[in-house]
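Biologist: Hi! Could you pull up the model so we can walk through a few parts of it together?
Modeller: Sure, here it comes.

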Amino acid sequence: MRELAPVARASGAMQKSMVQQVMTVTAEDGAGRAKGRSSLMRSPQFSSFVILVVLLVVFAVADGNFLSPLNISNMMAFLPELGIIALGMTLLLTAGEFDLSVGAVFGLAPVVVMLLVQNAGVDIGVALLAGLLLCIAIGAINGVIVTKIGISSFLVTLSMLLIVRGAALYITQGFPLKSWDQPGFFVTLLAGSFNIGAFRFYTSLWWFIGLSLLAVYILRYAKLGNWISAIGSNRNAAVARGVPADAVKIWLFIATSVLAGLAGMISAFRISAASPVAGTGYELEVIAMVVVGGTALTGGRGTILGTIVGALMLRAIRNGIVLVGVPGLAYNIFVGVIILAMLILHALLQKNAARS
């Protein structure tokens, strides 16, 4: 029995140690979960989501038709087109650059496609490809000038905005063109519609969802996403670590331009018209969506989920203020106030996080 006592004491000590370890791990897990919840609540996209919910509730209370199937269908018809451009702008802003020519590209791409079809007799599929190639060229020019010559993206893309918009007006003499409206594969692919219960949606919604998932993967899980964030945070440090900063930026300019052209083609097919002034002001609205969602204008921090929330927020504001009787011309006032408030909120959250 005396020989078994030390063994029993050792076993008891071992059990006590194991219990303490389990309690320590449990406490650490609890602290980690609490820290994660606190970090989520301080994140820009969470604050944007809260404001979106508040706006939806306010508009729903102010007008009972706001959440009706017809009104939601109308909002969702246009949302994916601006949202698609906003995805490219999110990646570009995260890298520390932005593109003011996207609205003009939105208008030019379908105009070129329709001119090729109507005046040159080009097949619609070939014309769409030519339109996308033009978008690639515009994005590449922007990217090369910004990275290789070293001119600010603000000045380069502002100049490109004027060039592209002027070209669209010149080749059409300022008149809109009738878009392709014959039934077929491309009409269904870009502007087909479907019903889910009382709601009517367009295939552009699937484009937006698919591209959003791709953008989330790139920014959060792919090596390219790490490069984009590193370039936006500290370009010199990123280059010192072997990141091809110039090449990444050029391809981001190309992607943003292509997405703007794609969105313009989708819109033209949906409304059966290609206007040279389509997309006017979209560049500022898209940047507003991205910034409101929590992406930093200075680069280094981007969030695709936040951009989606920002897109929903601005579309809800545009739709809601009309329903509640606010003059449509006051839309910019509301957008400006919301953007300013979100910038202040995001700045306060960043300062709070830095102190923590």
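Biologist: How many residues does helix α3 have, and how far does it reach?
Modeller: This is a predicted model, and in it α3 covers residues 69–94, which is 26 residues. From its first C-alpha to its last it reaches 35 Å, close to the 38 Å expected at 1.5 Å a residue.

Biologist: Where does α3 bend?
Modeller: The bend is at Leu79 and comes to about 30°. A proline, Pro80, follows within four residues.

Biologist: And how many residues of α3 are buried?
Modeller: 21 of the 26 are buried, so the rest of the structure largely encloses α3.

Biologist: What comes after α3?
Modeller: Gly96 follows α3, and its phi is positive, near 90°.

Biologist: OK, strands now. Do β2 and β3 pair in the parallel or the antiparallel sense?
Modeller: Antiparallel, over four bridges. Strand β2 is residues 193–196 and strand β3 is residues 199–202.

Biologist: Which residue is the bridge partner of Ile196?
Modeller: That's Phe199, in β3.

Biologist: What sits between β2 and β3?
Modeller: There are two residues between them, and the two strands form a hairpin. Gly197 is in the turn, with a positive phi of about 65°.

Biologist: Which residues other than glycine have a positive phi?
Modeller: Two I can point to are Gln173, with phi near 60°, and Ser272, also with phi near 60°. As background, most residues other than glycine have a negative phi.

Biologist: Where is Gln173, and is it buried or exposed?
Modeller: Gln173 lies in the loop between α6 and β1, the strand at 177–178. Its relative accessible area is 57%, so Gln173 is exposed, given that exposed means over 50%.

Biologist: And where does Ser272 lie?
Modeller: Ser272 lies in the loop between α11 (245–271) and β4 (273–274). With a relative accessible area of 28%, Ser272 is partly exposed.

Biologist: Let's switch to helix packing. At what angle do α4 and α6 cross?
Modeller: Roughly 30°, with their axes coming within 9 Å. Here α4 is residues 102–120 and α6 is residues 153–172. The two helices are therefore roughly parallel to each other, since angles under 35 degrees count that way.

Biologist: Is that crossing of α4 and α6 left-handed or right-handed?
Modeller: Left-handed.

Biologist: What about α5 and α6?
Modeller: Helix α5, residues 124–149, crosses α6 at roughly 150°, and their axes come within 9 Å. That pair is therefore roughly antiparallel. The crossing of α5 past α6 is right-handed.

Biologist: And how do α12 and α13 cross?
Modeller: The axes of α12 (residues 282–292) and α13 (residues 304–323) cross at roughly 125° and come within 7 Å. That makes α12 oblique to α13. Their crossing is right-handed.

Biologist: While we're on α13, which residue of that helix could we look at?
Modeller: Try Ile304, which is found in α13. Ile304 is buried, with a relative accessible area of 4%.

Biologist: How far apart are Ile304 and Val216?
Modeller: In sequence they are 88 residues apart, but in space it is 5.9 Å from C-alpha to C-alpha.

Biologist: Got another residue in α13?
Modeller: Yes, Asn319 is in that helix too. At 16% relative accessibility, Asn319 counts as buried, because buried means under 20%.

Biologist: How far is Asn319 from Phe66?
Modeller: They are 253 residues apart in sequence and 8.2 Å apart in space, C-alpha to C-alpha.

Biologist: Last one: where is Gly225, and is it buried or exposed?
Modeller: Gly225 lies in helix α9, residues 223–233. Its relative accessibility is 1%, so Gly225 counts as buried.

Biologist: What separation is there between Gly225 and Leu91?
Modeller: Their C-alpha atoms are separated by 8.4 Å, while along the chain the two are 134 residues apart. Leu91 also takes us back to where we began, as α3 spans residues 69–94.

Definitions and conventions
Residues numbered from 1 in each chain as written. Predicted model: local features only at pLDDT ≥ 70, side-chain atom pairs only at ≥ 80, totals over all residues. Heavy atoms only, no water. Expected span 1.5 Å × (residues − 1). Bend = angle between axes of the 7 residues up to and from the residue. Buried < 20%, exposed > 50% of the residue type's maximum accessible area, 1.4 Å probe, protein only. Pairing = 2+ DSSP bridges. Axes fitted to C-alpha atoms, helices over the stretch in contact; angles between N-to-C directions. Parallel < 35°, antiparallel > 145°, perpendicular 65-115°, else oblique. Left-handed = near helix turned anticlockwise from the far one by under 90°.
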